[in-house]
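Q: Hi! Could you walk me through this one while I have it open in the viewer?

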Amino acid sequence: MSGTTTVAVVGLGVMGGGIARRLLGQGITPTVWNRSPEPAEALAELGANVAPTPALAARHADVVLVSLADGAATEQALLGPDGVLADGPLDGVLASASTISPGLLSVLRERTPQVLDLGLLGNGDHAKNGELRVYVGGTDKDLARAQPVLNLIAKQVVHIGGPGDGMRLKLLMNTLMGIQVQAMAEATALGESVGLDRRAVLDAITVSGFATPVMGFKARRLAAERYEDPDFRLRLMAKDLGLAVAEADRTGLSLPLVQTALATHEESVRRGDGDLDCAAVSRTVAAPHGKGARP
């Protein structure tokens, strides 16, 4: 990778912060921006450059990697008065790792010509250790420009298709996770309702052939009923399930499992569990009519 390649990281949550740390560890000094100052200040102590606005972070970057929670935050950081695209099209490649609607991706591509959408699979530890899997939507030319940076943060980079396809693949992967975690929560609730021990049920599930890796990972949270310090916030899962339903509606497809999971997650958010880990959907599953719900 050329020593002159410059990288901006806009959004320093679990994934963006992990990616910035990975780049620093690989000899790349990113310019970073975040809505709240503390994550940027922590990275500054490790050697990152901190920009006061997204526009200034992106101004001289060859690759601008954006990782924000939702469409509203992404739109503000990219299209707002001090946003990445406030001064016009970028010279570099805009690599959006946010799970956002295809409509917003289309708007971004109207504003700047070189855009990749990245479906990142993994968690914060994977990001810090360069072990993400990245599924890319966009052109061969734009991917070639960003590939050296992506190779530093990922163990696998797959060009899945054209514009929007990386985001769509990430969306359906998150949909699978939401359904699987809710299914495990429902099985656990059923076991407890007939007198089985919670941990015994979860132990049996995770060593069985029915479990997936994500179920094994989330089973630890369900067993301890520990949902703080989230790996993936429940409200973001609800957002992604809603995007999946919207995509299905657009294509005339019915997704009954996804629609049911969306309703449960939306109820969990309504009860106040949105900023807990997505495994906290089990609280709504166990008390569907509000009994035991948070005030």
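Q: Which helix is leucine 190 found in?
A: Leucine 190 belongs to helix α8, which covers residues 165-193. One thing to keep in mind as we go: this is a predicted model.

Q: Is leucine 190 buried or exposed?
A: Exposed, because its relative accessibility is 56% and the cut-off for that label is over 50%.

Q: What does leucine 190 make on the surface, and with which residues?
A: Together with Val194 and Leu196, Leu190 makes a nonpolar surface patch of about 320 Å².

Q: OK, and where is asparagine 174?
A: Asparagine 174 also sits in helix α8.

Q: Buried or exposed, that asparagine 174?
A: Buried: asparagine 174 has a relative accessible area of 6%.

Q: What does the side chain of asparagine 174 make a polar contact with?
A: With the side chain of aspartate 240, at 2.6 Å. If you leave out residues up to four places away in sequence, asparagine 174 touches Thr99, Phe232, Met237 and Asp240.

Q: Switching to the interior: how many residues are in the largest nonpolar core?
A: That core has 32 residues. Those with the most contacts inside it are Ile19, Leu23, Val32, Leu118, Leu120, Leu132 and Ile153.

Q: Which elements give two or more residues to this core?
A: On the strand side there are β1 (7-10), β4 (63-66), β5 (93-96), β6 (115-121) and β7 (132-137). The helices are α1 (14-25), α2 (37-45) and α7 (140-153). Helix α7 gives the most, with six residues.

Q: And is there another core apart from that one, and which residues are among its members?
A: There is another core of 28 residues, lying apart from the largest one. Among its members are Ala219, Phe232, Leu241 and Leu262. Phe232 is also one of the residues touched by asparagine 174.

Q: Back to leucine 132, what is it in contact with?
A: Setting aside neighbours within four places in sequence, leucine 132 is in contact with Met15, Ile19, Leu120, Leu121, Gly122, Asn123, His126, Ala127, Ile153, Ala154, Lys155 and Gln156.

Q: Now charges. How many salt bridges does the structure hold?
A: It holds 17. One of them joins the side chains of aspartate 125 and lysine 128, at 3.6 Å from N to O.

Q: Where do aspartate 125 and lysine 128 lie?
A: Both are in helix α6 (residues 124-128), three residues apart, which is about one turn of the helix. Aspartate 125 is partly exposed at 47% relative accessible area, and lysine 128 is partly exposed too, at 40%.

Q: Which pair links distant parts of the chain?
A: Aspartate 231 and arginine 221, ten residues apart. Aspartate 231 is in the loop between α10 (213-224) and α11 (234-251), while arginine 221 is in helix α10. Their closest N and O atoms are 3.0 Å apart.

Q: Are aspartate 231 and arginine 221 buried or exposed?
A: Arginine 221 is buried, at 4% relative accessible area, whereas aspartate 231 is partly exposed, at 31%.

Q: What does arginine 270 form a salt bridge with?
A: With glutamate 267, the closest N and O atoms being 2.6 Å apart. The two are about one helical turn from each other because they are three residues apart in helix α12 (residues 256-271). Arginine 270 is exposed at 60% relative accessibility, and glutamate 267 is partly exposed at 21%.

Q: Last one: which residues do salt bridges join into one network?
A: Asp165, Arg168, Glu247 and Arg250, through salt bridges that share partners.

Technical notes:
Residues numbered from 1 in each chain as written. Predicted model: local features only at pLDDT ≥ 70, side-chain atom pairs only at ≥ 80, totals over all residues. Heavy atoms only, no water. Patch = residues over 30% accessible without salt bridge, like charges linked within 9 Å, V, L, I, M, F, W, Y side chains within 5 Å. Areas by Shrake-Rupley, 256 points an atom, 1.4 Å probe, with all protein chains shown as cover. Salt bridge = Lys/Arg side-chain N within 4 Å of Asp/Glu carboxyl O. Helix = DSSP H or I, 4+ residues; strand = E, 2+ residues; numbered from the N terminus. Buried < 20%, exposed > 50% of the residue type's maximum accessible area, 1.4 Å probe, protein only. Polar contact = N/O pair within 3.5 Å; in protein donor to acceptor, adjacent residues only side chain to side chain. Contact = heavy atoms within 4.5 Å. Core = buried A, V, L, I, M, F, W, Y, C linked by side-chain atoms within 4.5 Å.
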